[in-house]
Amino acid sequence: MRDPWLRKIVIAFAAMGGTSFYKATVTDADFTGATLKNVNFNRAILTRTCFKDTVKLNLARPGNTLLEKPIVRDLLINPSSGEEKDLSKANLRGAYLKEANLQRANLKNADISGATFEYANLSSANLTEVNAVYTNFKSAYLTGACLENWNIDTTTKLDNVDCQYVYLLNNEKERQPSSGDFKTGEFTKLFEEVFDTVNLIFENGIDWKAFIETMKTVQVENEDTPLEVSSIENKGDGVFVVKVKVPPDADKEKIHQEFEENYQLKLQAVEAKYKALLDAKENEISSYHRENANMMEITKILAIRPINIEIKAMNNSPDNSTNITTGDINNTGNLNTGKIIKDVNNTIDNISESDNNENEQLKTSLKELMQAIETENELDDEEKAGAANNVKTIAKASQKPEDEGLQKKATRAVKLLETLAKGLKPANKLYTACQSILPQIVTFLGITL
(Lines give C-alpha, C1' and ligand atoms only; values in the text may rest on other atoms or scores of the structure.)
Protein backbone atom coordinates (compact mmCIF):
# COMPACT_ATOMS: atom_id res chain seq x y z
CA MET A 1 0.00 0.00 0.00
CA ARG A 2 1.77 3.11 -1.25
CA ASP A 3 0.03 5.92 0.65
CA PRO A 4 1.02 6.04 4.36
CA TRP A 5 -2.14 7.97 5.31
CA LEU A 6 -4.36 5.29 3.72
CA ARG A 7 -2.43 2.53 5.48
CA LYS A 8 -3.06 4.21 8.85
CA ILE A 9 -6.80 4.32 8.17
CA VAL A 10 -6.89 0.62 7.20
CA ILE A 11 -4.93 -0.37 10.32
CA ALA A 12 -7.23 1.77 12.49
CA PHE A 13 -10.32 -0.06 11.20
CA ALA A 14 -8.64 -3.46 11.55
CA ALA A 15 -7.55 -2.70 15.10
CA MET A 16 -11.18 -2.23 16.13
CA GLY A 17 -11.54 -5.98 16.10
CA GLY A 18 -8.25 -6.76 17.80
CA THR A 19 -6.84 -6.48 21.32
CA SER A 20 -6.74 -2.92 22.62
CA PHE A 21 -4.15 -1.43 24.95
CA TYR A 22 -5.47 2.08 24.37
CA LYS A 23 -4.09 4.36 27.14
CA ALA A 24 -3.04 1.22 29.04
CA THR A 25 0.15 0.87 31.11
CA VAL A 26 2.09 -1.97 29.52
CA THR A 27 5.29 -1.42 31.52
CA ASP A 28 7.65 -4.44 31.71
CA ALA A 29 5.29 -6.57 29.56
CA ASP A 30 6.90 -9.33 27.45
CA PHE A 31 5.46 -9.88 23.96
CA THR A 32 8.38 -12.03 22.74
CA GLY A 33 7.28 -14.03 19.67
CA ALA A 34 3.66 -12.81 19.86
CA THR A 35 1.53 -12.01 16.80
CA LEU A 36 0.38 -8.42 17.22
CA LYS A 37 -1.69 -7.84 14.09
CA ASN A 38 -4.56 -5.36 14.70
CA VAL A 39 -3.49 -4.66 18.30
CA ASN A 40 -4.18 -1.08 19.39
CA PHE A 41 -1.24 0.50 21.25
CA ASN A 42 -2.41 4.09 20.77
CA ARG A 43 -1.36 6.27 23.74
CA ALA A 44 -0.19 3.20 25.68
CA ILE A 45 2.74 3.42 28.11
CA LEU A 46 5.36 1.02 26.73
CA THR A 47 8.23 1.48 29.18
CA ARG A 48 10.62 -1.51 29.10
CA THR A 49 8.09 -3.48 27.01
CA CYS A 50 9.77 -6.33 25.10
CA PHE A 51 8.78 -6.74 21.42
CA LYS A 52 11.58 -9.13 20.45
CA ASP A 53 10.70 -11.51 17.60
CA THR A 54 7.09 -10.33 17.47
CA VAL A 55 5.08 -10.97 14.28
CA LYS A 56 3.10 -8.43 12.21
CA LEU A 57 3.84 -5.57 14.60
CA ASN A 58 3.78 -3.36 11.51
CA LEU A 59 0.02 -4.05 11.28
CA ALA A 60 -0.66 -2.92 14.82
CA ARG A 61 -1.97 0.57 15.59
CA PRO A 62 1.04 2.39 17.12
CA GLY A 63 -0.53 5.81 17.76
CA ASN A 64 2.01 8.28 19.12
CA THR A 65 4.17 5.66 20.84
CA LEU A 66 7.75 4.66 20.04
CA LEU A 67 6.27 2.04 17.63
CA GLU A 68 5.30 4.79 15.22
CA LYS A 69 8.59 4.89 13.25
CA PRO A 70 9.46 1.75 11.22
CA ILE A 71 13.21 2.00 11.98
CA VAL A 72 12.52 1.93 15.74
CA ARG A 73 9.87 -0.76 15.41
CA ASP A 74 12.25 -3.01 13.44
CA LEU A 75 14.97 -2.49 16.06
CA LEU A 76 12.62 -3.51 18.88
CA ILE A 77 11.68 -6.67 16.98
CA ASN A 78 15.28 -7.50 16.12
CA PRO A 79 17.65 -5.75 18.62
CA SER A 80 20.69 -7.27 16.92
CA SER A 81 20.01 -5.28 13.72
CA GLY A 82 21.02 -1.81 14.99
CA GLU A 83 24.67 -1.78 13.91
CA GLU A 84 25.52 1.49 12.11
CA LYS A 85 21.82 2.49 11.97
CA ASP A 86 20.93 6.18 11.82
CA LEU A 87 18.69 6.69 14.86
CA SER A 88 19.40 10.40 15.26
CA LYS A 89 16.50 12.26 16.92
CA ALA A 90 14.66 8.95 17.31
CA ASN A 91 12.03 8.42 19.99
CA LEU A 92 13.41 5.51 22.02
CA ARG A 93 11.79 6.63 25.25
CA GLY A 94 11.41 3.57 27.48
CA ALA A 95 12.63 1.20 24.73
CA TYR A 96 13.64 -2.31 25.81
CA LEU A 97 16.95 -2.98 24.04
CA LYS A 98 18.69 -5.41 26.33
CA GLU A 99 21.66 -7.05 24.58
CA ALA A 100 21.01 -4.95 21.46
CA ASN A 101 23.76 -4.44 18.89
CA LEU A 102 24.09 -0.69 18.35
CA GLN A 103 27.76 -0.67 17.47
CA ARG A 104 28.67 2.53 15.56
CA ALA A 105 24.98 3.56 15.54
CA ASN A 106 24.13 7.26 15.32
CA LEU A 107 21.90 8.19 18.29
CA LYS A 108 22.63 11.91 18.21
CA ASN A 109 19.82 13.94 19.83
CA ALA A 110 17.78 10.78 20.43
CA ASP A 111 15.45 10.51 23.41
CA ILE A 112 16.52 7.34 25.22
CA SER A 113 15.13 8.35 28.62
CA GLY A 114 13.91 5.34 30.59
CA ALA A 115 15.31 2.92 28.00
CA THR A 116 17.06 -0.34 28.87
CA PHE A 117 20.51 -1.03 27.36
CA GLU A 118 21.69 -3.77 29.73
CA TYR A 119 24.55 -5.69 28.09
CA ALA A 120 23.93 -3.73 24.86
CA ASN A 121 26.85 -3.12 22.50
CA LEU A 122 27.16 0.67 22.13
CA SER A 123 30.84 0.68 21.23
CA SER A 124 31.78 3.60 18.95
CA ALA A 125 28.14 4.77 18.98
CA ASN A 126 27.38 8.49 18.77
CA LEU A 127 25.47 9.47 21.92
CA THR A 128 25.86 13.22 21.43
CA GLU A 129 23.16 15.19 23.30
CA VAL A 130 21.01 12.14 24.01
CA ASN A 131 18.48 12.44 26.81
CA ALA A 132 19.55 9.59 29.09
CA VAL A 133 17.62 10.38 32.27
CA TYR A 134 16.36 7.18 33.97
CA THR A 135 18.26 5.17 31.34
CA ASN A 136 19.75 1.78 32.28
CA PHE A 137 23.29 1.17 30.96
CA LYS A 138 24.14 -1.63 33.39
CA SER A 139 26.93 -3.81 31.99
CA ALA A 140 26.68 -2.14 28.57
CA TYR A 141 29.70 -1.88 26.23
CA LEU A 142 30.63 1.76 25.63
CA THR A 143 34.24 1.67 24.43
CA GLY A 144 34.89 4.39 21.85
CA ALA A 145 31.44 5.98 22.21
CA CYS A 146 31.03 9.76 21.82
CA LEU A 147 29.34 11.25 24.90
CA GLU A 148 29.39 14.93 23.98
CA ASN A 149 26.84 16.84 26.09
CA TRP A 150 24.80 13.74 26.89
CA ASN A 151 22.13 14.43 29.49
CA ILE A 152 22.48 12.14 32.51
CA ASP A 153 21.63 12.51 36.19
CA THR A 154 21.45 10.46 39.38
CA THR A 155 18.71 8.28 37.84
CA THR A 156 21.03 7.10 35.05
CA LYS A 157 22.38 3.62 35.84
CA LEU A 158 26.04 3.15 34.95
CA ASP A 159 26.85 0.13 37.13
CA ASN A 160 29.49 -2.26 35.75
CA VAL A 161 29.76 -0.48 32.40
CA ASP A 162 32.40 -2.19 30.24
CA CYS A 163 34.45 0.63 28.77
CA GLN A 164 38.12 1.15 27.91
CA TYR A 165 37.84 4.77 26.71
CA VAL A 166 35.30 7.30 25.39
CA TYR A 167 35.34 10.62 23.54
CA LEU A 168 33.83 13.78 25.03
CA LEU A 169 33.72 15.59 21.66
CA ASN A 170 32.74 14.50 18.15
CA ASN A 171 35.27 13.32 15.57
CA GLU A 172 37.11 11.31 18.22
CA LYS A 173 38.31 14.36 20.17
CA GLU A 174 38.86 14.75 23.94
CA ARG A 175 39.65 11.10 24.62
CA GLN A 176 39.07 9.96 28.20
CA PRO A 177 41.38 8.80 29.59
CA SER A 178 43.96 10.73 27.55
CA SER A 179 46.10 7.60 27.33
CA GLY A 180 45.68 4.00 28.33
CA ASP A 181 42.34 2.54 29.39
CA PHE A 182 39.89 2.98 32.24
CA LYS A 183 40.51 0.73 35.18
CA THR A 184 37.61 -1.20 36.65
CA GLY A 185 34.97 1.21 37.96
CA GLU A 186 36.74 4.36 36.71
CA PHE A 187 34.22 5.09 33.95
CA THR A 188 31.30 5.02 36.36
CA LYS A 189 33.15 7.19 38.88
CA LEU A 190 34.08 9.73 36.18
CA PHE A 191 30.51 10.36 35.11
CA GLU A 192 28.92 10.12 38.53
CA GLU A 193 30.92 13.26 39.35
CA VAL A 194 28.70 15.09 36.86
CA PHE A 195 25.73 14.55 39.15
CA ASP A 196 27.15 16.74 41.90
CA THR A 197 29.18 19.28 39.94
CA VAL A 198 28.54 22.76 38.60
CA ASN A 199 30.91 23.59 35.73
CA LEU A 200 31.99 27.23 35.42
CA ILE A 201 33.56 28.13 32.07
CA PHE A 202 35.88 31.15 31.72
CA GLU A 203 36.77 32.06 28.13
CA ASN A 204 39.28 34.83 28.88
CA GLY A 205 41.11 33.46 31.87
CA ILE A 206 40.14 33.71 35.53
CA ASP A 207 40.40 36.83 37.65
CA TRP A 208 41.23 35.10 40.90
CA LYS A 209 40.24 37.97 43.22
CA ALA A 210 36.86 38.35 41.51
CA PHE A 211 36.42 34.56 41.66
CA ILE A 212 37.06 34.38 45.41
CA GLU A 213 34.70 37.28 46.13
CA THR A 214 32.02 35.67 43.95
CA MET A 215 32.36 32.33 45.75
CA LYS A 216 31.82 34.11 49.04
CA THR A 217 28.72 35.91 47.77
CA VAL A 218 27.14 32.82 46.20
CA GLN A 219 27.83 30.79 49.33
CA VAL A 220 26.03 33.38 51.47
CA GLU A 221 23.07 33.34 49.05
CA ASN A 222 22.95 29.53 49.31
CA GLU A 223 23.83 29.10 52.96
CA ASP A 224 22.29 25.62 53.20
CA THR A 225 24.29 24.33 50.22
CA PRO A 226 28.01 23.65 50.78
CA LEU A 227 30.18 24.65 47.80
CA GLU A 228 33.66 23.27 47.18
CA VAL A 229 36.09 23.87 44.31
CA SER A 230 37.08 20.37 43.22
CA SER A 231 39.27 21.13 40.19
CA ILE A 232 40.52 23.81 37.78
CA GLU A 233 41.25 22.74 34.20
CA ASN A 234 43.23 24.73 31.62
CA LYS A 235 41.70 23.98 28.20
CA GLY A 236 44.11 26.29 26.33
CA ASP A 237 43.56 29.59 24.49
CA GLY A 238 42.62 31.27 27.77
CA VAL A 239 39.71 28.87 28.45
CA PHE A 240 39.41 27.48 31.98
CA VAL A 241 36.82 25.15 33.51
CA VAL A 242 36.29 25.31 37.26
CA LYS A 243 34.31 22.42 38.76
CA VAL A 244 32.39 23.27 41.94
CA LYS A 245 31.15 20.31 43.94
CA VAL A 246 27.58 20.60 45.28
CA PRO A 247 25.12 18.15 46.87
CA PRO A 248 23.24 15.99 44.30
CA ASP A 249 19.92 17.63 45.18
CA ALA A 250 21.22 21.21 44.83
CA ASP A 251 19.65 23.63 42.35
CA LYS A 252 22.61 23.65 39.96
CA GLU A 253 20.98 26.01 37.46
CA LYS A 254 20.32 28.61 40.16
CA ILE A 255 23.86 28.39 41.53
CA HIS A 256 25.37 28.66 38.04
CA GLN A 257 23.28 31.73 37.18
CA GLU A 258 24.07 33.47 40.47
CA PHE A 259 27.77 32.84 39.96
CA GLU A 260 27.70 34.23 36.40
CA GLU A 261 25.90 37.44 37.47
CA ASN A 262 27.99 38.08 40.58
CA TYR A 263 31.28 37.33 38.81
CA GLN A 264 30.51 39.93 36.15
CA LEU A 265 29.82 42.53 38.86
CA LYS A 266 33.04 41.72 40.73
CA LEU A 267 34.94 41.75 37.44
CA GLN A 268 33.61 45.22 36.67
CA ALA A 269 34.92 46.47 40.01
CA VAL A 270 38.35 44.91 39.50
CA GLU A 271 38.58 46.30 35.97
CA ALA A 272 37.70 49.74 37.26
CA LYS A 273 40.52 49.59 39.77
CA TYR A 274 43.09 48.58 37.21
CA LYS A 275 41.85 51.17 34.74
CA ALA A 276 42.42 53.83 37.36
CA LEU A 277 45.85 52.52 38.35
CA LEU A 278 47.20 51.73 34.91
CA ASP A 279 45.03 53.95 32.68
CA ALA A 280 44.58 50.77 30.68
CA LYS A 281 42.61 50.03 27.58
CA GLU A 282 40.35 46.99 27.21
CA ASN A 283 43.04 44.86 25.60
CA GLU A 284 45.38 45.55 28.55
CA ILE A 285 42.69 44.36 30.97
CA SER A 286 42.27 41.18 28.91
CA SER A 287 46.02 40.65 29.13
CA TYR A 288 45.83 41.15 32.89
CA HIS A 289 43.17 38.44 33.12
CA ARG A 290 45.34 35.94 31.32
CA GLU A 291 48.38 36.76 33.45
CA ASN A 292 46.31 36.54 36.61
CA ALA A 293 45.00 33.14 35.57
CA ASN A 294 48.41 31.51 35.43
CA MET A 295 47.74 27.94 36.54
CA MET A 296 50.95 27.67 38.51
CA GLU A 297 49.97 30.62 40.66
CA ILE A 298 46.44 29.30 41.14
CA THR A 299 47.80 25.89 42.10
CA LYS A 300 50.11 27.53 44.65
CA ILE A 301 47.21 29.47 46.16
CA LEU A 302 45.07 26.33 46.40
CA ALA A 303 47.93 24.31 47.88
CA ILE A 304 49.10 26.89 50.43
CA ARG A 305 45.80 28.52 51.41
CA PRO A 306 42.87 26.27 50.48
CA ILE A 307 39.39 27.76 50.28
CA ASN A 308 37.24 26.69 53.20
CA ILE A 309 33.69 27.96 53.03
CA GLU A 310 31.24 26.88 55.69
CA ILE A 311 28.15 28.12 57.47
CA LYS A 312 28.07 27.81 61.26
CA ALA A 313 25.21 28.67 63.60
CA MET A 314 26.71 29.16 67.06
CA ASN A 315 24.66 27.64 69.86
CA ASN A 316 23.50 30.10 72.53
CA SER A 317 25.01 32.97 70.59
CA PRO A 318 23.17 36.01 69.24
CA ASP A 319 25.61 36.13 66.34
CA ASN A 320 24.56 33.57 63.74
CA SER A 321 26.68 35.15 61.06
CA THR A 322 28.20 33.39 58.09
CA ASN A 323 31.75 32.20 58.70
CA ILE A 324 33.73 32.27 55.48
CA THR A 325 37.48 31.87 55.39
CA THR A 326 39.71 32.05 52.35
CA GLY A 327 43.38 32.31 51.54
CA ASP A 328 44.78 35.82 51.72
CA ILE A 329 44.34 37.92 48.60
CA ASN A 330 46.78 40.80 48.45
CA ASN A 331 45.23 44.11 47.39
CA THR A 332 47.87 45.95 45.42
CA GLY A 333 47.29 49.67 45.04
CA ASN A 334 44.63 51.99 46.42
CA LEU A 335 41.43 52.54 44.47
CA ASN A 336 40.78 56.24 43.90
CA THR A 337 36.98 56.09 43.71
CA GLY A 338 36.65 59.87 43.83
CA LYS A 339 38.83 60.25 40.76
CA ILE A 340 36.80 57.64 38.86
CA ILE A 341 33.49 59.30 39.76
CA LYS A 342 34.86 62.70 38.70
CA ASP A 343 35.97 61.23 35.38
CA VAL A 344 32.49 59.76 34.78
CA ASN A 345 30.79 63.07 35.63
CA ASN A 346 33.07 64.83 33.12
CA THR A 347 32.02 62.32 30.46
CA ILE A 348 28.36 63.03 31.26
CA ASP A 349 28.99 66.80 31.00
CA ASN A 350 30.44 66.26 27.52
CA ILE A 351 27.17 64.87 26.17
CA SER A 352 26.27 67.30 23.39
CA GLU A 353 23.18 69.47 23.57
CA SER A 354 20.14 68.73 21.37
CA ASP A 355 17.29 70.84 20.04
CA ASN A 356 14.58 68.77 21.72
CA ASN A 357 16.27 68.90 25.14
CA GLU A 358 16.47 65.07 25.37
CA ASN A 359 20.20 65.11 26.00
CA GLU A 360 19.77 67.51 28.92
CA GLN A 361 17.23 65.13 30.43
CA LEU A 362 19.62 62.22 29.95
CA LYS A 363 22.47 64.16 31.55
CA THR A 364 20.28 64.98 34.56
CA SER A 365 19.24 61.32 34.91
CA LEU A 366 22.82 60.06 34.70
CA LYS A 367 23.93 62.65 37.27
CA GLU A 368 21.19 61.46 39.63
CA LEU A 369 22.32 57.87 39.10
CA MET A 370 25.93 58.82 39.86
CA GLN A 371 24.83 60.63 43.02
CA ALA A 372 23.00 57.49 44.16
CA ILE A 373 26.08 55.35 43.45
CA GLU A 374 28.41 57.71 45.29
CA THR A 375 26.21 57.87 48.41
CA GLU A 376 25.14 54.20 48.51
CA ASN A 377 26.40 52.84 51.85
CA GLU A 378 25.85 49.19 50.89
CA LEU A 379 28.56 49.32 48.18
CA ASP A 380 32.30 49.19 48.76
CA ASP A 381 34.72 51.32 46.74
CA GLU A 382 35.32 48.67 44.08
CA GLU A 383 31.60 48.11 43.55
CA LYS A 384 31.03 51.86 43.28
CA ALA A 385 33.84 52.12 40.74
CA GLY A 386 32.37 49.28 38.68
CA ALA A 387 28.90 50.84 38.73
CA ALA A 388 30.33 54.25 37.81
CA ASN A 389 32.14 52.81 34.81
CA ASN A 390 28.85 51.28 33.62
CA VAL A 391 27.32 54.76 33.71
CA LYS A 392 30.32 56.05 31.75
CA THR A 393 29.70 53.39 29.08
CA ILE A 394 26.08 54.54 28.78
CA ALA A 395 27.15 58.18 28.49
CA LYS A 396 29.62 57.35 25.71
CA ALA A 397 27.01 55.31 23.83
CA SER A 398 24.54 58.23 23.93
CA GLN A 399 27.04 60.35 21.99
CA LYS A 400 27.53 57.74 19.23
CA PRO A 401 24.14 56.10 18.54
CA GLU A 402 25.46 54.78 15.21
CA ASP A 403 28.21 52.73 16.93
CA GLU A 404 26.74 49.21 17.32
CA GLY A 405 29.64 48.10 19.51
CA LEU A 406 29.02 50.90 22.00
CA GLN A 407 25.28 50.20 21.98
CA LYS A 408 25.92 46.55 22.88
CA LYS A 409 28.23 47.63 25.70
CA ALA A 410 25.56 50.06 26.93
CA THR A 411 22.98 47.28 26.94
CA ARG A 412 25.31 45.12 29.02
CA ALA A 413 26.01 48.06 31.35
CA VAL A 414 22.28 48.58 31.98
CA LYS A 415 21.85 44.87 32.75
CA LEU A 416 24.75 44.91 35.20
CA LEU A 417 23.33 47.96 36.98
CA GLU A 418 19.97 46.18 37.19
CA THR A 419 21.62 43.11 38.71
CA LEU A 420 23.54 45.26 41.20
CA ALA A 421 20.34 47.06 42.25
CA LYS A 422 18.46 43.78 42.73
CA GLY A 423 20.99 42.82 45.39
CA LEU A 424 20.04 45.88 47.46
CA LYS A 425 17.02 46.53 49.64
CA PRO A 426 14.09 48.43 48.04
CA ALA A 427 14.64 51.28 50.48
CA ASN A 428 18.22 51.86 49.32
CA LYS A 429 18.98 54.98 47.26
CA LEU A 430 20.57 53.14 44.36
CA TYR A 431 17.73 50.62 44.16
CA THR A 432 15.18 53.44 43.89
CA ALA A 433 17.29 55.38 41.39
CA CYS A 434 17.76 52.35 39.11
CA GLN A 435 14.02 51.58 39.20
CA SER A 436 13.15 55.05 37.87
CA ILE A 437 16.17 55.98 35.74
CA LEU A 438 17.17 52.79 33.89
CA PRO A 439 13.86 52.52 31.97
CA GLN A 440 14.40 56.13 30.82
CA ILE A 441 17.90 55.26 29.60
CA VAL A 442 16.63 52.19 27.74
CA THR A 443 14.00 54.33 25.99
CA PHE A 444 16.46 57.12 25.15
CA LEU A 445 19.08 54.78 23.65
CA GLY A 446 16.47 52.64 21.92
CA ILE A 447 18.07 49.42 23.16
CA THR A 448 16.37 46.09 23.84
CA LEU A 449 17.14 44.16 27.01
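Biologist: How do strand 1 and strand 2 pair, parallel or antiparallel?

Modeller: This is a predicted model. Strand 1 (residues 166-169) and strand 2 (residues 173-176) pair in the antiparallel sense, over three bridges. To get the register, look across the pair: V166 stands opposite Q176 in strand 2.

Biologist: How many residues lie between strand 1 and strand 2 in the hairpin?

Modeller: Three residues lie between them. Check the backbone angles there too: N171 in the turn has a positive phi of about 60 degrees.

Biologist: Next, helix packing. At what angle do the axes of helix 8 and helix 9 cross?

Modeller: Roughly 170 degrees, and the axes come within 10 Å. Angles over 145 degrees count as roughly antiparallel. Helix 8 (residues 337-349) and helix 9 (residues 358-375) are therefore roughly antiparallel to each other.

Biologist: Which residues of helix 8 and helix 9 meet?

Modeller: From helix 8, I341, V344, N345, I348 and D349. From helix 9, K363, L366, K367, M370 and E374. The residues of this contact divide into five nonpolar, one polar and four charged.

Biologist: Now the interior. Which residues touch the most other members of the largest nonpolar core?

Modeller: F41, F137 and F187, in a core of 49 residues. Helix 2 (70-77) and helix 3 (186-192) each supply at least two residues of this core. Its largest share, four residues, comes from helix 2.

Biologist: What is F41 in contact with, leaving aside its neighbours within four places in sequence?

Modeller: Its contacts include F21, F31, L36 and F51. R61, P62 and T65 are also among them. A second, separate core has 39 residues, including A421, A433, C434 and I447.

Note on methods. Residues numbered from 1 in each chain as written. Predicted model: local features only at pLDDT ≥ 70, side-chain atom pairs only at ≥ 80, totals over all residues. Heavy atoms only, no water. Pairing = 2+ DSSP bridges. Axes fitted to C-alpha atoms, helices over the stretch in contact; angles between N-to-C directions. Parallel < 35°, antiparallel > 145°, perpendicular 65-115°, else oblique. Contact = heavy atoms within 4.5 Å. Nonpolar A, V, L, I, M, F, W, Y, C, P; charged D, E, K, R; others polar. Core = buried A, V, L, I, M, F, W, Y, C linked by side-chain atoms within 4.5 Å. Buried < 20%, exposed > 50% of the residue type's maximum accessible area, 1.4 Å probe, protein only.
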